[in-house]
Amino acid sequence: MVNDTRVKVSRKMALLTTDLQYDLIQKSPEREARVKEILPNIISFLMFLRENDVLIIHQQIICKETDHVEFFNGKIPCIKGTRGAQLVDELKAEKDIVMEKRKDSGFYETELDDVLKANNIDTLLLAGMQAQICIQTTGADAYFRGYNVVAVSDCITSTLESDKQRALSWISGYCGKVYSSKEIMQFIQNDENIEFPVIYTP
């Protein structure tokens, strides 16, 4: 292995929440329970980030009646304009950005990259669900575009804990860091940079 001391640091962060919408949460009792566990963490983290002028973006997937997607509770979920497509009420604040998407990755045919660049963001914090699908694909796409990636472990969930842990392990081994919201708040309070050394794969 070649020794390499190159390090990127986090200078300006944004938080992206993903798919915290009523239809998606209410797909199953198991998923509802998992989201209920992390929601207080997300809400308190959002409040802290707003107080520290960190950009917050909420993404919601929007489906069409003609989409070839899995039915939830006998219907296509997240149709534009329905209650099921809306974000959980407790998440939103006036200054937050709400952005629609059509596919799993938050970057696919959205203005996410443009918004991040316009705000000079270099580090993307990821929260929401599902860890092994939307969080993982968005993290990879952020990495491909040159962003630092942080998965916020106590603000991310999947229906199965094993899926969440596998996704977090993949992110930490390939494209980013995994920290809890408390650890990130500590970095901000202490005015410390998060370091991102070159990741080596065997």
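What follows is a conversation about how the descriptions of this predicted model are reached.

Colleague: How do you know that the protein is as compact as a globular protein of its length?

Modeller: The radius of gyration is 17 Å, and the globule rule gives 17 Å for 202 residues, so the protein is as compact as a globular protein of that length. The C-alpha atoms fill a box of roughly 55 × 40 × 30 Å along the principal axes, and 51% of the 202 residues count as buried.

Colleague: Which elements make up the protein, and in what pattern do they follow one another along the sequence?

Modeller: There are 6 helices and 8 strands, and read along the sequence they follow the pattern β-β-α-α-β-β-α-β-α-β-α-β-α-β. Among contacts between residues at least 6 apart in sequence, 79% join residues at least 24 apart.

Colleague: Why is Ser-181 called buried?

Modeller: Buried means under 20% relative accessible area, and Ser-181 has 2%, so Ser-181 is called buried. Ser-181 is found in helix α6, which covers residues 181–189, and, leaving out residues up to four places away in sequence, Ser-181 touches Phe-45, Val-152, Asp-154 and Cys-155.

Colleague: What makes the pairing of Ser-181 with Asp-154 a polar contact?

Modeller: The cut-off for a pair of N or O atoms is 3.5 Å, with one atom able to donate a hydrogen and the other to accept it. The side chains of Ser-181 and Asp-154 make their polar contact at 2.7 Å, a value that lies within that cut-off.

Colleague: How do you know that Phe-45 is buried, and what is Phe-45 in contact with?

Modeller: The relative accessible area of Phe-45 is 1%, which is under the 20% limit, and therefore Phe-45 is buried. Phe-45 has its place in helix α2, and beyond its neighbours within four places in sequence it is in contact with Leu-15, Leu-125, Val-152, Cys-155, Ser-181, Ile-184 and Met-185. Phe-45 and Cys-155 are 110 residues apart in sequence, yet their C-alpha atoms are 8.5 Å apart in space.

Colleague: What makes Lys-101 and Asp-19 a salt bridge?

Modeller: A salt bridge needs a side-chain nitrogen of Lys or Arg within 4 Å of a carboxyl oxygen of Asp or Glu, and the side chains of Lys-101 and Asp-19 meet at 3.3 Å, N to O, so the pair qualifies. This pair links distant parts of the chain, with Lys-101 in strand β4 and Asp-19 in the loop between β2 and α1, 82 residues apart. Lys-101 is buried, and so is Asp-19. The structure holds 10 salt bridges, and Arg-34, Glu-37 and Glu-161 are linked in a network of salt bridges.

Colleague: Why is Asp-96 counted as buried, and why is its salt-bridge partner Arg-50 counted as partly exposed?

Modeller: Asp-96 has 12% relative accessibility, which is under 20%, so Asp-96 counts as buried, whereas Arg-50 has 25%, which falls between the limits of 20% and 50%, and therefore counts as partly exposed. The closest N and O atoms of their salt bridge are 2.6 Å apart. Asp-96 lies in the loop between β3 and β4 and Arg-50 in helix α2, 46 residues apart.

Colleague: How do you know that Arg-166 is partly exposed and Asp-163 buried?

Modeller: Arg-166 has 48% relative accessibility, between 20% and 50%, and so counts as partly exposed, while Asp-163 has a relative accessible area of 14%, under 20%, and so counts as buried. The two form a salt bridge whose closest N and O atoms are 2.8 Å apart, and both lie in helix α5, 3 residues apart, about one turn of the helix.

Colleague: What makes the reach of helix α4 close to the expected one?

Modeller: Helix α4 has 14 residues and reaches 18 Å from its first C-alpha to its last, which is close to the 20 Å expected at 1.5 Å a residue. Its buried residues include Ala-131, Cys-134, Ile-135 and Gln-136, and what covers the buried residues of α4 includes β2, β4, β5, β6 and α5. Just after α4, Gly-146 takes a positive phi of about 95°.

Technical notes
Residues numbered from 1 in each chain as written. Predicted model: local features only at pLDDT ≥ 70, side-chain atom pairs only at ≥ 80, totals over all residues. Heavy atoms only, no water. Helix = DSSP H or I, 4+ residues; strand = E, 2+ residues; numbered from the N terminus. Buried < 20%, exposed > 50% of the residue type's maximum accessible area, 1.4 Å probe, protein only. Contact = heavy atoms within 4.5 Å. Expected span 1.5 Å × (residues − 1). Rg over C-alpha atoms; globule rule 2.2 N^0.38 Å.
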